[in-house]
Amino acid sequence: MTRTPATLRETPWHVDILVSDGFVLIEVAAIVDVIRIANRVSAQPVFTWGYCSAHGGPIESRCRAFVNTDPYVDRPTADYAFVIGNSNPDAPALSLSSVINAYTYRNARVFLLAEAASRYIAEHPNAELAHTTHWENSALLRERTGVFDARNTIATQHGSVVTCAGMGATIDIALSVVGQHISAAATMTVADIFLHEKIRDFASLQPFSGLKSTATGDRELDKCLDLMQANIEEPLPIQTIVASIGISNRSLERKFRAHLNTTPNTYYRELRLAKANNLLLNTSLSVREIGMACGFSSGFSGLYKSFYKITPAVMRRQRRQGPDAPSNSAPNSAPETT
């Protein structure tokens, strides 16, 4: 879609931000602050924005911050629409096919972030299309369907719809939007104000995609992390891993201590527990099935409780009964879900 430079357009470009209860605040902040600062560094305001929801009124984020919204309209006039994730890809409020169509019909570009992208993918299965969502959601879709193969990029565009990883990558997506309407120098100034060192394009891989571990700067250690991540259901013995890498057990132990302040066995076990916790909170798989899927043929509940200080069954029940505020008894190292 060709965009008109701001200097040739009399009215600002308008952005609608679509939210539902439990929305992810960092995604809203990334969009609003990028376009707000783009206005600040430009000679005249380039963008306006507003918040929308199914029924209008105040909408509460996961961290209890509110935004005031207008209700969806049948004929939106926005140039862009961002649908914010809300930590639950099954939330009915994310089922927005008719709303999305209302925007795209009027040539707006629609960005679906994280769980919103996952819901769109689930409702629009098409083997010929490659979509993107947050790597956690990709893992859940694969677990549920067995066929979904995300690109693990930060965004993928198909027509007027862009599926996105969300979270911190939302800054890159917002910068790509403002970059179509302000100069390259002004766009870099916005990025510099954010202390955002590099603007990633849509094809950039997510730093941790569920398939590619975050780089440590050590080639052998990176290869070890890749092997562990690729072998969750049937864990490899550490001896097999070191043989594959071509280093000694002692050398691998030193690398883990130096870079990650842990041991290979502890890291591997906690990596599998983190995957198990994700499945526990976001799927209907039984506790036993989750244990098997994460390489715990026996003793899963005991290991889970020793790490999270709560049994899997109780954790799942508590999350279903109320907001997913962290438990005071959970260790600081317990992973967060998006």
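This tour walks through the model one selection at a time.

**Whole chain**

Start with everything shown. The model is predicted. Its protein chain carries 13 helices and 8 strands. Of the 338 residues, 48% count as buried. Now turn on contacts between residues at least 6 apart in sequence: 66% of these join residues at least 24 apart.

**The sheet**

Select the strands. They form an open sheet of 8 strands, in the order 3-4-2-1-5-6-8-7. The pairing is mixed. Strand 3 (57–60) and strand 7 (155–158) are the edge strands, and each pairs on one side only. Look along the sheet for its twist: neighbouring strands are turned by 30° against each other on average, direction ignored.

Strands of a sheet pair through backbone hydrogen bonds, either parallel or antiparallel. Both kinds appear at the next stops.

**Strands 2 and 4**

Select residues 47–53 and 66–71. These are strand 2 and strand 4, which run parallel and are joined by 2 bridges. Pick Cys52: its bridge partner in strand 4 is Asp70.

**Strands 6, 8 and 7**

Move to strand 8, residues 161–164. On one side, 4 bridges join strand 8 to strand 6, and the two run parallel. Click Leu112 to find its bridge partner in strand 8, Thr163.

Strand 7 is joined to strand 8 by 4 bridges as well, but this pair runs antiparallel. Here the bridge partner of His158 is Val161. Strand 7 and strand 8 form a hairpin with 2 residues between the strands. Stop at Gly159 in this hairpin, which takes a positive phi near 65°.

Now show the side chains of strand 8. Which way do they point? Val161 and Thr163 go one way, Val162 and Cys164 the other. All four are buried.

**Val83 in strand 5**

Select Val83, which is found in strand 5. Buried or exposed? Val83 has a relative accessible area of 3%, so Val83 is buried. Show what surrounds this residue. Leaving out residues up to four places away in sequence, Val83 touches Leu18, Leu96, Val110, Phe111, Leu112, Leu113 and Ala116. Draw a distance to Leu18. The two residues are 65 apart along the chain, yet their C-alpha atoms are separated by 4.7 Å.

**Helix 1 across the sheet**

Select residues 25–41, helix 1. This helix lies across strand 1 (13–18), strand 2, strand 5 (80–83) and strand 6 (109–113). Helix 1 runs at about 160° to strand 2.

**Helix 3**

Next, residues 115–123. This is helix 3, and it is mostly covered: 7 of its 9 residues are buried. Colour the buried ones: Glu115, Ala116, Ala117, Ser118, Arg119, Tyr120 and Ile121. Ala116 has already appeared on this tour, as one of the residues touched by Val83.

**Helix 7 against helix 9**

Leave the sheet and select helix 7 (residues 219–230) with helix 9 (249–260). Their axes are 10 Å apart, and the helices pack at an angle of about 95°. Helix 7 is therefore roughly perpendicular to helix 9. Show the contact. Helix 7 supplies Glu220, Leu221, Cys224, Leu225 and Met228, while helix 9 supplies Leu252, Lys255, Phe256, His259 and Leu260. By type, these residues divide into 7 nonpolar, 1 polar and 2 charged.

**Helix 7 against helix 10**

Keep helix 7 and add residues 264–282, helix 10. How do the two cross? Their axes come within 10 Å and cross at roughly 40°, so the helices are oblique to each other. The crossing is right-handed. From helix 7, the contact uses Leu225, Leu227, Met228 and Gln229; from helix 10, Pro264, Tyr267, Tyr268 and Leu271. This contact has 7 nonpolar residues, 1 polar and no charged. Leu225 and Met228 were also in the contact with helix 9.

**Last stop: Thr263**

Finish between helix 9 and helix 10. Thr263 sits in the loop there. With a relative accessible area of 17%, Thr263 is buried; the cut-off is under 20%. Not counting residues up to four places away in sequence, Thr263 touches Glu253, Phe256 and Arg257. Phe256 also belongs to the contact of helix 9 with helix 7.

Note on methods:
Residues numbered from 1 in each chain as written. Predicted model: local features only at pLDDT ≥ 70, side-chain atom pairs only at ≥ 80, totals over all residues. Heavy atoms only, no water. Axes fitted to C-alpha atoms, helices over the stretch in contact; angles between N-to-C directions. Parallel < 35°, antiparallel > 145°, perpendicular 65-115°, else oblique. Left-handed = near helix turned anticlockwise from the far one by under 90°. Contact = heavy atoms within 4.5 Å. Nonpolar A, V, L, I, M, F, W, Y, C, P; charged D, E, K, R; others polar. Buried < 20%, exposed > 50% of the residue type's maximum accessible area, 1.4 Å probe, protein only. Pairing = 2+ DSSP bridges.
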